[in-house]
Amino acid sequence: MDRRSFIKKAGLGAGGAVAASTLAAPAIAQSTTDMVIVSTWPRDFPGLGVSAQRLAARIGELTEGRINVQYFAAGERVGAFDSFDEVASGNAQAYIGADYYWKGKHPAWAYFTAVPFGLTYAEIDAWIKFGGGQELWDELAGEFGLKNFACGNTGVQMGGWFNKEIETADDLKGLKMRIPGLGGDVMAKLGASPVSLPGGQIYENLVSGAVDATEWVGPYNDYFMKFYEAAKYYYYPGMHEPGSQLAMGMNASWWNSLSKTDQAIIEAACNEENARQMAETNAENGVYLDKLINEHGVELKKFNDEVYDAFGEAAEEVFDETIQHGDLTARTHESFAKARSEIGRWMLLADTGYTEQRNRVLGITV
């Protein structure tokens, strides 16, 4: 074969291959899936609301629009506390919120956000992923037609804002305090009157005197709520929410209709935001605590041992009553308590042991 013949045939071959390749790959219309997400947080709400919006956007981004996400903040489609029913009914595909808001539907929901004397971020993350927590969560959520994943955490929360000093457990009697979940039940045991309010309504109730005290999250989130305008004393540490896990709850029928790929993407996005929000909270809390103290004259106070011991006794009473609800609640509590003991012992030796010594040597103090 001469050179001219070879080039001619090679050229034709290449052209033929390109043509064949072009003809063999017609454009395929990419189907999309609608995902309406409702939230318990107001739009652009520092920390919590921003995290929820970030997660919603991330799902659309990772699926390159294959999942068409529409995000509605609290009050834009339904009220904050109506988001559960909106998703369970199938009117929306997912909610982002705190599952202890639903403890009135089943007390076991509280364990998957935070309970008094419960798990820190590292501990609850370990329990959910490797200690049987997700399986129990799936069982509970399944009873309501839902599928849930952790999608954020606020870490150890502050004890709350008070308009008077809390020196003894008696100082809590008659106090009207915004505090949800089992933490509110603990306060009730000590004579306080717990009130459940969505985030967007707390400030006005505190300023008006409708409530005497409130817990929210921590310095980063609380700073923007301007609670310092109505309450002077900022107490720590919060016994009620030591590692508040946030959740994306999805309609189970919708979830089961997704491809394995899209399910994996959503789970990955939730895991990503779970870590990202915790990192953001830890990065910002110290900065905003300084602002609260130095710019607004907030008095940082620590619950004394007498008050904390009273919290502990009341918490045990609440747990004893809670597990009487039924088998699933009892099994959830048993699993949680096992994780608290086993993981907690390691954290005492590792994280707590190290940070106490590091801070002592370096002189790091509150």
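A cavity is a set of grid points where a 1.4 Å probe fits but cannot get out. The legends below describe close-up views of a predicted model.

**Figure 1. The largest cavity of the predicted model encloses about 80 Å³ of space.** Thirteen residues form the lining of this cavity, and those closest to its centre are W41, L48, Y100, Q157 and E241. Sorted by class, the lining comprises eight nonpolar, four polar and one charged residues. In total, the protein has three cavities of 30 Å³ or more. Rolling a probe the size of a water molecule over the atoms reveals where empty space remains.

**Figure 2. The largest pocket has a volume of about 1800 Å³.** Its lining consists of 41 residues, of which V156, Y236, P237, N282 and T355 are the closest to the centre of the pocket. Four elements, α4 (121-130), α10 (260-296), β11 (299-302) and α12 (327-362), each contribute at least two residues to this lining. Helix α12 gives the most, with nine residues. In terms of class, 20 residues of the lining are nonpolar, 16 are polar and five are charged.

**Figure 3. A cis peptide bond links Y236 to P237.** The omega angle of this bond is near -15°. Most peptide bonds, by contrast, are trans. P237 is situated in the loop between β9 (233-236) and β10. Both Y236 and P237 also belong to the residues closest to the centre of the largest pocket.

**Figure 4. The side chain of D125 makes polar contacts with two other side chains.** D125 is part of helix α4. This residue counts as buried because its relative accessible area is 19%, and the cut-off for a buried residue is under 20%. One polar contact, of 2.5 Å, is made with the side chain of K129. Another, of 3.3 Å, joins the side chain of D125 to that of N274.

**Figure 5. Helix α5 (residues 133-142) has buried residues along one face.** The buried residues are G133, Q134, L136, W137, L140 and A141. Seen down the helix axis, they fall within an arc of 160°, and therefore they line one face of α5. These buried residues pack against two helices, α4 and α12, and against two strands, β4 (146-153) and β10 (245-251).

**Figure 6. D44 and E64 each have a positive phi although neither is a glycine.** Most residues other than glycine have a negative phi. For D44, phi is about 60°. D44 occurs in the loop between β1 (33-39) and α2 (48-62), and its relative accessibility of 53% makes it exposed. For E64, phi is near 50°. E64 occurs in the loop between α2 and β2 (67-72), and with a relative accessible area of 68% it is likewise exposed.

**Figure 7. The whole protein, shown for orientation, contains twelve helices and eleven strands.** Along the principal axes, its C-alpha atoms fill a box of roughly 100 × 50 × 40 Å. Of its 366 residues, 48% count as buried. Among contacts with a separation of 6 or more, 77% are between residues 24 or more positions apart.

Notes
Residues numbered from 1 in each chain as written. Predicted model: local features only at pLDDT ≥ 70, side-chain atom pairs only at ≥ 80, totals over all residues. Heavy atoms only, no water. 1 Å grid on protein atoms, 1.4 Å probe; cavity = no way out; pocket = protein on both sides within 12 Å on 5 of 7 lines; lining within 4 Å. Points joined across faces, edges and corners; volume = space filled by probe spheres on them. Nonpolar A, V, L, I, M, F, W, Y, C, P; charged D, E, K, R; others polar. Buried < 20%, exposed > 50% of the residue type's maximum accessible area, 1.4 Å probe, protein only. Polar contact = N/O pair within 3.5 Å; in protein donor to acceptor, adjacent residues only side chain to side chain. Arc of directions from axis to C-beta. Contact = heavy atoms within 4.5 Å.
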